[in-house]
Amino acid sequence: MIKKNYLLAPGPTPVPFDILLEGARETIHHRTPQFVSILEETLNELKYLFQTENKVYTLLSSGTGALEAAITNLLNPGDKAIIVEAGKFGERWREIAERFNINVVSIKLEWGEAVTPEQIKEAIEKHPDAKAVFTTYSETSTGTVIDLEGIAKVTRNTDVVLVTDAVSALLAEPLKMDEWGIDVVVSGSQKGVMLPPGLAFIALNDKAWKLVEKSNNSSYYFNLKAYAKKYPDNPWTPGVNLIYMLRKAIKIIKEEGIENVWERHRILADATRAAVNAMGLELFSKRPGNVATAVKVPEGIDGNKLTKIMRDKYGVTIAGGQEHLKGKIFRISTLGYLSIFDTIVGISALEFTLNELGYKVEFGTGIKAAQEVLFKEVNK
Ligand SMILES: *Cc1c(COP(=O)(O)O)cnc(C)c1O
């Protein structure tokens with residue numbers, strides 16, 4: 001049987017043909033006026049994705065490079081930072097910070113829980129010398145979204161800089177950097193932005209730049225002062241073809257309108273949640289977001305087998321659990337270039353796979369629940 005591939009994993013996500021074709025254009029020299037003008041236009045347009053007037057810097061790395069850039073450019077060894085750890089990516093913040101000898105205060109939560117503005121407020125009151133708070137807007141490992149707007153209300157009238165990892169959240173969850181008062185937003189290319197892996201983004205406001213000025217920037221490659229000096233040009237060789245693709249991606253996103261992009265993710269995630277509920281499955285997250293729906297693997301079913309069958313037999317790549325959740329949860333993504341029918345395909349493959357593994361679910365149960373949500377939303 002012919003097999004088609006569906007990428008329903010929270011990164012990398014599918015890339016539209018129009019964007020792929022853009023990447024096939026001739027690689028021109030990066031120090032030419034022609035390229036710098038493309039870069040300038042692209043970086044200006046990029047602000048729209050972050051809903052900011054601040055400059056957004058593009059780094060040639062995966063998203064983690066921008067996480068590292070945030071730590072090394074904002075803080076000096078020995079500085080105190082509050083870090084929220086409620087999953088794999090919160091842990092990554094801590095690991096990077098520890099590597100650079102930051103004095104870490106952890107808000108450690110059960111995986112699947114969402115930190116509250118109150119918990120952030122308490123931590124800041126307890127540690128008035130903390131320079132920054134590091135959060136993960138969408139904790140991709142657990143399918144959880146935090147109340148970032150509420151947290152920004154806590155930090156915006158203090159000296160504490162609010163940093164958020166929005167690598168997966170950008171475009172999947174509403175994000176208004178300036179209006180909400182988020183000081184640093186970090187993201188990457190291979191998630192909601194619909195590009196291949198390879199670009200990372202970091203946007204900082206004036207409050208955050210004051211910390212950058214005081215930092216000794218322990219990284220050479222990710223030294224943001226060097227980026228600022230060269231802006232919109234790049235201190236090193238930029239990812240020329242990825243920049244072409246980024247320009248095209250932003251154009252497509254602008255045409256849809258950012259509110260509609262946020263809504264699209266919400267609708268697909270609502271449909272996915274309705275489907276798994278109808279199938280008698282349980283959500284893992286206490287505060288589910290729109291990047292990926294994390295589902296508990298039912299009793300007696302091998303979760304590793306489930307994701308393997310979905311991928312190898314049906315061509316539908318979803319994500320399993322990470323670390324201690326390996327085999328215990330699976331995550332169906334609604335991130336990036338996906339339509340309502342991609343979601344239907346994913347749920348259909350899940351019905352097949354669950355039945356094959358011995359979890360009996362009547363065919364169409366999940367699909368029907370999803371279709372009801374989707375039909376209503378599409379015809380609103
Ligand atoms: C994907 C992701 C990252 C970055 O991972 P890379 O593999 O370095 O691109 C960081 N944080 C979150 C929340 C993510 O989902």
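This tour moves from the ligand site to two helices and then to three single residues, saying at each stop what to select.

The model is predicted, so a residue is used for local features only at pLDDT of at least 70 and for side-chain atom pairs only at pLDDT 80 or more, whereas totals for chains, interfaces and linings use all residues. Residues are numbered from 1 along each chain as its sequence is written, and side-chain values use heavy atoms, with hydrogens and water left out.

**The ligand**

Select the ligand together with the residues around it, a residue being near when one of its heavy atoms lies within 4 Å; of the 13 residues found there, Ser62, Thr64, Thr140, Asp165 and Lys191 come nearest. Then display the polar side-chain atoms, looking for pairs of N or O atoms within 3.5 Å, which within protein must also pair a possible hydrogen donor with an acceptor, residues adjacent in sequence counting only if both atoms are side-chain atoms. An N or O atom in the side chain of Thr140 is 2.5 Å from an oxygen atom of the ligand, an N or O atom in the side chain of Asp165 is 2.6 Å from a ligand nitrogen atom, and a polar side-chain atom of Gln190 lies 2.8 Å from an oxygen atom of the ligand. Of the 380 Å² of accessible area that the ligand has on its own, the protein covers 87%, areas being calculated by the Shrake-Rupley method with a 1.4 Å probe.

**Helix H14**

Next select residues 365–378, which form helix H14; helices (H or I, at least four residues) and strands (E, at least two) are DSSP runs numbered from the N terminus. At 1.5 Å a residue, its 14 residues should span 20 Å, and the end C-alpha atoms are indeed 20 Å apart, where the expected span is 1.5 Å times one less than the number of residues. Colour by burial (buried is under 20% relative accessible area, exposed over 50%, partly exposed in between, with a 1.4 Å probe and protein chains only), and Gly366, Ile367, Ala369, Ala370, Leu374 and Glu377 appear as the buried residues of H14. Seen down the axis of H14, these buried residues fall within an arc of 165°, so they line one face of the helix, the arc being that of the directions from the axis to the C-beta atoms. On the other side of H14, Lys368, Phe375 and Lys376 are exposed. The buried residues of H14 pack against helix H11 (258–278) and helix H13 (340–356), contact meaning heavy atoms within 4.5 Å.

**Helix H12**

Move to residues 303–312, helix H12, where Gly303, Leu306, Thr307, Ile309 and Met310 are buried. Viewed down the axis of H12, these residues fall within an arc of 160°, so they line one face of the helix. Their cover includes strand S12 (316–317), strand S13 (319–320), strand S14 (329–333) and H13. At the start of H12, a side-chain oxygen of Asp302 reaches to within 2.9 Å of the backbone nitrogen of Asn304.

**Three single residues**

Select Thr334, in the loop between S14 and H13, which counts as buried at 1% relative accessibility. The side chain of Thr334 reaches the backbone oxygen of Asn290 at 2.8 Å, and the contacts of Thr334 beyond four places in sequence include His265, Leu268 and Ala292.

Continue to Ala292, in strand S11 (residues 292–296), which is buried with a relative accessible area of 1%.

Finish at Asn217, in the loop between helix H8 (206–214) and helix H9 (224–230), where a polar contact of 3.2 Å joins the side chains of Asn217 and Lys225.
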